[in-house]
Every structure is written in structure tokens, then in C-alpha cells.
Amino acid sequence: MKRRQRSCAALFALLVLAALAGCSAGEPDDGPDDDHGDRPAPTTSRAPGSGSSGGTGRPGGPHWQPRPGLRWQWQLDGKVDTGAGVPVYDIDGFENSAGTVKELHDRGAKVICYVNAGAWEDFRSDQKAFPKRLLGERNKGWKGEKWLDIRRLDELRPIMAARFDMCREKGFDAVEPDLTEGYRNRTGFPLSGDDQLAFNRMLARLAHDRGMAVGLKNDLDQIPALVGDFDFAVNEQCAEFEECEKLTPFIKGGKAVFHVEYALEPKEFCPTAQRLGLSSMRKKLELDAWREPCG
């Protein structure tokens, strides 16, 4: 499985750590667009899930609402370890089958479908569905990936709808659209904050119309405007950059915040995370099966 990690900040951390270790193996081919963008920086009805965390997941009907404090696993690299014993898994939507989702459901878990929403990837099976005019600057640091012109909702809506249909048909309970902060990066397009709000809200509607929950990935500055549209948040490195307080609108709204740190030790971020009600753990940048949760 090809790992596509999502935060410039995380990529920056990886490069620094690799330099300190005197080793460059496994690094991306270039530097990030900036040192603190959306990514980390590494992109039909369905049967309802049987997980214990609630929600019917019926198309057009009530969807799952993850509550603060749920333990989770985020694995985008390697064969998914279905035995982590947590109630929530976040895994790659393209790379995993309906059988894997069912196995997790049978273990009592809810399953989130990771998809790239803000950039085109040349290795995805639907890469030819994107008109070339929508492709912008190369997403530096991520070979084969280019930013999308998110202003073109008319052209992107059916493509994203098809991706979300894939998630639904495989039985996923929710979607994690990545790269929802393009307006803060050098994309090749004059994107504004309003453009980003419109695009992110479109993604939320597409998920809800299919009976799935949807998470806001990073995009901390727009949380006050978007917390009502999204059912949970996924965040990277808010402790490292002293930004975790910005996620409290989700917690106050009874919505989970699934959070990871890469460079910090658990003792450095878990007390704050637990005080705020975040679902936090330490992960490796590769986002393989390894995890070190708080508590």
C-alpha cells in the first residue's frame, strides 16, 4: 500500500529527524509547500456497521456521531491490523476491501474511509476522471500529486461523489477527506478562505447524503465556521504547535477529535490532550500499525 501522509508540518518533522539521524532513506523527494500546512505533510446503499459506538449509517438517514474520548487507530500503510482492539479505525478507502471493513465491523468497530480530496494522485484508479485543467502545482514532497482547483465545484462534485460512493459501498461509516486546507498552500490557483469553506461544506454534504459521518482534517482556523458541518475532527501535531485549544469547539459540541503526534513523547502531550478531551496517540510518520495511545 502506498502511504500518503497529509501535513507539511509532519513532513518538516520527518526531514529534521532524518537529518539528525544522518539518514535520508524513505524521505519524500522534495520539501513541503510550507512548514505548517494542511498536511501533515507523507491522499447504492450499504449495510450499517455493527460497531458499539452507535449510528445507523443508512443512506440519507441518521449517521454515526463519534463522541469525545473514543480510542482509535489510524493506519494508512501496510495490511491493516484488525486486532488493535479499538472502537474506531481510520484506513485508506482505495486500498482496503469491503471484507476488511466487515471484519472490523464484526469486531465491534466503526470504520473511517480516508480519501484525498484536495489533490490529484497519479496512482489512484480514478486518476483519469480529473480534467487536466483542474490540476495545479505539484504538491511538493509528494511525487505524482498535484493540487486541485477547488473553486470548480461543478466538476469536482461528481468525482468526489464517486469516491464517497466507493466508501459507502464498501460499508464505511465515515469519511476523512484530506487536504482540506489548500487555500493556505501554493496550489497554482488564487484560492480564498471562502473557496475553501464552500469546498469543505460540499464534501460534508456528499458524506451526509450517503448516510456517512465526515471529519474535518486540520484546517484549524476555519473550525468556528465549519464545526456545525462536520461530525468529528482529525488533527496532526496540535500539541507540537501549541494549537490544541483551537479544537475545543468540536469537544464542546460533543464531537470527537482524533489526534496524533509524531515527534513528541506521550508524556509531553497526553496530559493536555486528556484535559481537553482529545482522542490522542503517538504514531510513526508512516502511519503503519504501531500506536502509542494516551491512557
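Colleague: How much accessible surface does the protein have, and what share of it belongs to carbon and sulfur atoms?
Modeller: Bear in mind that this is a predicted model. The accessible surface of the protein comes to about 11,500 Å². The share belonging to carbon and sulfur atoms is 50%.

Colleague: And what percentage of the residues is buried?
Modeller: A residue counts as buried under 20% relative accessible area. The protein has 295 residues, with seven helices and 12 strands among its elements. The buried part of those residues makes up 58%.

Colleague: What is the strand order in the open sheet?
Modeller: The sheet has nine strands, with mixed pairing. At its edges sit strand 1 (72-75) and strand 12 (292-293), each pairing on one side only. Reading across, the order is 1-2-3-7-8-9-10-11-12.

Colleague: Which residue in strand 3 is the bridge partner of Asp90?
Modeller: Strand 2 covers residues 88-92 and strand 3 covers residues 110-116. These two pair in the parallel sense, over five bridges. In strand 3, the partner of Asp90 is Ile112.

Colleague: Let's move along the sheet. Which residue of strand 8 is the bridge partner of Val175?
Modeller: Strand 7 and strand 8 run parallel and are joined by two bridges. In strand 8, the residue that partners Val175 is Val214.

Colleague: What is the handedness of the β-α-β crossover from strand 7 to strand 8?
Modeller: The helix in the connection is helix 4 (residues 193-209), which lies across strand 7 (174-178) and strand 8 (213-217). Helix 4 runs at about 155° to strand 8. Going from strand 7 through helix 4 to strand 8, the crossover is right-handed.

Colleague: Which strands does helix 7 touch?
Modeller: Helix 7 spans residues 266-276 and packs on the sheet. Its direction makes about 180° with that of strand 11 (279-282). The strands it touches are strand 10 (257-261), strand 11 and strand 12.

Colleague: Back to strand 8: how many of its residues are buried?
Modeller: Take the two faces in turn. Ala213, Gly215 and Lys217 are on one side, Val214 and Leu216 are on the other, and all are buried. Strand 8 is therefore mostly covered, by the cut-off of under 20% relative accessible area, and the count is five of five.

Colleague: Why is strand 9 called largely enclosed by the rest of the structure?
Modeller: Phe232, Val234 and Glu236 point one way from strand 9. Ala233 and Asn235 point the other way, and these are buried too. Strand 9 is largely enclosed because its buried residues number five of five.

Colleague: Which residue in strand 10 is the bridge partner of Glu236?
Modeller: On one side, strand 9 runs parallel to strand 8, with three bridges joining them, and Gly215 stands opposite Phe232. Strand 9 also pairs with strand 10 in the parallel sense, over four bridges. In strand 10, the partner of Glu236 is Val260.

Colleague: Now the rings. How far apart in sequence are the parts that Trp64 and Phe232 tie together?
Modeller: The count of aromatic pairs comes to four. In the Trp64 and Phe232 pair, the ring centres are 6.3 Å apart and the planes are at 45°, so the pair is tilted. Trp64 lies in the loop between helix 1 (8-21) and strand 1, while Phe232 is in strand 9 (residues 232-236), so the parts they tie together are apart in sequence by 168 residues.

Colleague: Are Trp64 and Phe232 buried or exposed?
Modeller: The relative accessibility of Trp64 is 1%, and for Phe232 the relative accessible area is 0%. The cut-off is under 20%, so Trp64 counts as buried, and Phe232 is likewise buried.

Colleague: Which strands does the pair of Trp72 and Phe258 tie together?
Modeller: This aromatic pair is tilted, with 5.1 Å centre to centre and 35° between the planes. Trp72 is buried at 1% relative accessible area, and Phe258 is buried at 0%. The parts they tie together are 186 residues apart in sequence, namely strand 1 and strand 10.

Colleague: Which residues do the ring pairs link into a cluster?
Modeller: Two of the members are Trp64 and Phe232, a tilted pair. Trp72 and Phe258 form another tilted pair. The full cluster is Trp64, Trp72, Trp74, Phe232 and Phe258.

Definitions and conventions:
Residues are numbered from 1 along each chain as its sequence is written. This is a predicted model: local features need pLDDT of at least 70, side-chain atom pairs count only at pLDDT 80 or more; totals for chains, interfaces and linings use all residues. Side-chain values use heavy atoms; hydrogens and water are left out. Two strands pair if DSSP finds at least two bridges between them. Contact means heavy atoms within 4.5 Å. Axes are lines fitted to C-alpha atoms, for helices over the stretch in contact, and angles run from 0 to 180 degrees between N-to-C directions. Rings of Phe, Tyr and Trp (its six-membered ring) pair if their centres lie within 6.5 Å; planes under 30 degrees apart count as stacked, over 60 as edge-to-face and the rest as tilted. Buried means under 20% relative accessible area, exposed over 50%, partly exposed in between (1.4 Å probe, protein chains only). Accessible areas come from the Shrake-Rupley method with a 1.4 Å probe; for residues, only the protein chains shown count as cover. A crossover is right-handed if, with the strands pointing away from the viewer, the path from the first strand over the helix to the second runs clockwise.
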